[in-house]
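Got your viewer open? Grab the mouse and come along for a short walk through this chain, one selection at a time.

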Amino acid sequence: MRLVVLGKLKWNLEAVTPHDFIEHILKKLPLPKDKVPLIRKHAQTFIALCATDFKFAMYPPSMIATGSVGAAICGLQLDIVDSSLSSDNLTDLLAKITHTDVDCLKACQEQIESVLVSNLRQVRHHQGQSDPSKTVDELDQASTPTDVRNVNL
């Protein structure tokens, strides 16, 4: 019944997310074709990281996507290979592509990089405290019982 009502009212319930902007941004940038999948993967990781931090709640999806692509390119040091992708040129180009303010874009990208650094520190800290005798396979195994009938509620 809900679908009938939504269909009649022509409600579009799809939310625009930062992932919707990645392909558009990547197509507009002068990037080496062999590096595009890696940049996409890193940008998607940064977007997922932004989704877990409240600091990015007020940024529009296009800003998060643009900052994530910028952080991915800078993190992969593609700006060293191609001078047109230097930090300032890249930020200006990204701002033109998405029609955003350069200063806001820089601030967003810096926050993304800052959150990444802090999360990497936490991971390293937790790895140092974890039991080294446990292997990755042991950590990945589920700890639920194999037969749910044995569970007494």
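What share of the contacts in the chain with a separation of 6 or more comes from residues 24 or more positions apart? The figure is 68%. Keep in mind as we go that this is a predicted model.

**The whole chain**

Start with everything shown as a cartoon. You should count eight helices and zero strands, so to speak a run of α-α-α-α-α-α-α-α from the N terminus on. Of the 153 residues, 27% count as buried.

**Stop one: H2**

Select residues 19-28, which make up helix H2. Show the side chains of Ile22, Ile25 and Leu26, the buried residues of this helix. Now look down the axis of H2: these buried residues fall within an arc of 95°, so they line one face. Swing round to the face turned away from that buried side, and you'll meet the exposed residues Lys27 and Lys28. What lies over the buried residues of H2? The cover includes H3, H4 and H6.

**Stop two: Ile25**

Stay in H2 and zoom in on Ile25. Its relative accessibility is 0%, and that is why it counts as buried. Leave out the neighbours within four places in sequence, and Ile25 is in contact with Ala65, Thr66, Val69, Leu94, Ile97 and Thr98. Pick Ile97 from that set: it sits 72 residues from Ile25 along the chain, but their C-alpha atoms are separated by 6.8 Å.

**Stop three: H3**

Next, select residues 36-51, helix H3. Try your distance tool on the end C-alpha atoms, which are 22 Å apart. At 1.5 Å a residue, a helix of 16 residues should span 22 Å, so the two agree. Then colour Val36, Ile39, Ala43, Phe46, Ile47, Leu49 and Cys50, which are buried. Seen down the axis of H3, the buried residues fall within an arc of 160°, so they line one face of the helix. On the face turned away from them are the exposed residues Lys41 and Ala51.

**Stop four: H3 against H4**

Keep H3 on screen and add H4, residues 61-75. H3 and H4 pack at an angle of about 130°, with their axes 8 Å apart. They are therefore oblique to each other, and their crossing is right-handed. On the H3 side, the contact is made by Ile39, His42, Ala43, Phe46, Ile47 and Cys50. From H4 come Ile64, Ala65, Ser68, Val69, Ala71, Ala72 and Ile73.

**Stop five: H4 against H6**

Hide H3 and bring in H6, residues 87-98. Are H4 and H6 roughly parallel or roughly antiparallel? They pack at an angle of about 155°, with their axes 10 Å apart. That makes H4 roughly antiparallel to H6. H4 passes H6 in a right-handed crossing. For the side chains, select Thr66, Val69, Gly70, Ile73 and Cys74 in H4, which meet Leu90, Leu94 and Thr98 in H6.

**Last stop: H6 against H7**

Finally, swap H4 for H7, residues 102-129. H6 and H7 pack at an angle of about 115°, with axes 9 Å apart, and H6 passes H7 in a right-handed crossing. Here Asp88, Thr91, Asp92, Leu94 and Ala95 of H6 meet Val102, Leu105, Lys106 and Gln109 of H7. Leu94 may ring a bell: back at stop two, it was among the contacts of Ile25.

Note on methods
Residues are numbered from 1 along each chain as its sequence is written. This is a predicted model: local features need pLDDT of at least 70, side-chain atom pairs count only at pLDDT 80 or more; totals for chains, interfaces and linings use all residues. Side-chain values use heavy atoms; hydrogens and water are left out. Helices (H or I, at least four residues) and strands (E, at least two) are DSSP runs, numbered from the N terminus. The expected span of a helix is 1.5 Å times one less than its number of residues. Buried means under 20% relative accessible area, exposed over 50%, partly exposed in between (1.4 Å probe, protein chains only). The arc is that of the directions from the helix axis to the C-beta atoms. Axes are lines fitted to C-alpha atoms, for helices over the stretch in contact, and angles run from 0 to 180 degrees between N-to-C directions. Angles under 35 degrees count as roughly parallel, over 145 as roughly antiparallel, 65 to 115 as roughly perpendicular and the rest as oblique. A crossing is left-handed if the near helix is turned anticlockwise from the far one by less than a right angle, and right-handed if clockwise. Contact means heavy atoms within 4.5 Å.
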